[in-house]
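This report looks at one exposed position and then at the surroundings of a bound ligand.

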Amino acid sequence: MPSTPTPSEIARAAAILRAGGLVAFPTETVYGLGADASNPAAVAKIFAAKGRPQDHPLIVHLGNIDLLPLWAAEIPAAAHKLAAAFWPGPLTLILKRAAGVPDCVTGGQDTVGLRIPGHPVALELLQAFAGAEGGRSFSGVAAPSANRFGRISPTTAGHVRAELGPAVDAVLDGGECAVGIESTIVDLSRGRAVLLRPGQITPAQIAAVLGLEVQQPDAAAPRVSGALASHYAPRTRLYLVPAAELPAQLARLRGKKLAVLARAEAPSGLKDISWQEAPRALAAYAHELYASLRRLDDLGCDAILVEAPPAAPEWQGVNDRLMRAASNY
Ligand code: TXA
Ligand code: MG
């Protein structure tokens with residue numbers, strides 16, 4: 001049964017935001033940990049609750065496209081096109097920031113990350129927060145994923161409560177997040193379109209709307225061992241294993257307590273292995289990924305082996321998260 005917060009729960013959560021408190025809320029990607037983006041003291045509570053370095057910029061969530069010019073100083077035609085095509089939805093645009101956007105949400109940069117999320121509960125909250133002015137006030141909710149810094153993003157309200165508990169003033173329960181991985185981030189602030197984080201919306205889809213290629217960030221080109229900051233990571237060491245190598249790796253690790261996440265059925269006769277079968281289809285795979293990793297992490301195994309998904313372009317978002325979670329990349 002999908003959960004739906006009542007109008008009075010939404011109104012209470014909006015009041016908490018206005019008073020400078022923290023509200024965790026569902027989006028279509030992952031749960032966010034929200035604070036009033038125009039209130040530096042409220043935003044500081046996000047960093048404290050997450051244990052996150054202060055210089056990391058946050059995404060500002062808007063309830064209404066009319067708010068965009070209040071947060072972004074320059075809105076190129078490409079931004080209008082992408083907003084029309086994908087908002088509300090799992091896309092974050094990096095734009096030149098407007099005067100008055102606090103340094104605490106931009107990490108002191110001259111740009112700001114903005115998105116209109118596609119979850120009805122998120123939109124209700126953002127619109128209630130914007131209040132009687134009909135969404136024309138300088139209102140936005142800064143929200144990183146509602147997890148401790150470096151850990152797996154939450155895709156249920158239960159994940160948020162388990163990880164952040166009393167640090168949050170309210171948790172709105174909107175059920176499981178449909179997409180399951182964080183939004184695609186595209187930087188439009190420098191006269192080009194650059195993919196900063198892959199997600200469900202692919203560079204090909206963006207290029208089709210813009211009529212121009214989306215550039216990959218230079219840093220993402222060579223994936224050398226140890227070069228990636230560990231992120232989205234379980235506590236148990238996780239290894240990403242090509243499908244063809246999985247049997248040999250399992251044989252090599254015999255005697256260890258292992259968890260496996262694979263798109264194949266468990267082979268018969270396996271002992272001491274917790275085998276989690278993942279969906280074969282991309283959307284379902286992404287939807288379940290973080291919940292599966294949390295479940296396997298909680299088993300206290302010696303290692304989690306994840307069968308590498310296809311290398312096809314539309315799997316880039318999933319593969320990016322798995323590589324960051326893996327110890328062997
Ligand atoms: O799907 C999502 O985007 C989720 C939901 C809650 O909306 N949010 C999320 O936030 O993933 P967070 O803080 O976990 O990741 C935000 C990413 C970070 O990698 C940050 O560096 C980048 O967005 N970012 C934010 N503002 C930026 C800016 N001005 N320039 C470059 N990167 C920025
Ligand atoms: Mg995050």
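R252 counts as exposed because its relative accessibility is 60%, where exposed means over 50% relative accessible area, buried under 20% and partly exposed in between, with a 1.4 Å probe and protein chains only. R252 belongs to helix α9, residues 246-252, and its C-alpha atom is separated by 33 Å from that of T155, 97 residues apart along the chain.

The model is predicted, so that local features need pLDDT of at least 70 and side-chain atom pairs count only at pLDDT 80 or more, while totals for chains, interfaces and linings use all residues. Residues are numbered from 1 along each chain as its sequence is written, chains are lettered from A and ligands numbered from 1 in the order in which they are written, and side-chain values use heavy atoms, with hydrogens and water left out.

Around ligand 1 there are 22 residues, each with a heavy atom within 4 Å of it; T29, R52, H61, S183 and R197 are the closest. This shell divides into 10 nonpolar, 8 polar and 4 charged residues, with Gly counted among the polar ones. Polar contacts, pairs of N or O atoms within 3.5 Å, include the following.

| Side chain | Partner | Distance |
|---|---|---|
| H61 | oxygen atom of ligand 1 | 2.6 Å |
| S145 | oxygen atom of ligand 1 | 3.1 Å |
| S183 | oxygen atom of ligand 1 | 2.6 Å |

On its own, ligand 1 has 680 Å² of accessible area, of which the protein covers 86%, by the Shrake-Rupley method with a 1.4 Å probe. Strands (DSSP runs of E, at least two residues) that give two or more residues to the shell are β3 (59-61), β5 (111-115) and β9 (194-197), and the largest share, 4 residues, comes from β5.

Definitions and conventions:
A polar contact is a pair of N or O atoms within 3.5 Å; within protein, one must be able to donate a hydrogen and the other to accept it, and residues adjacent in sequence count only if both atoms are side-chain atoms.
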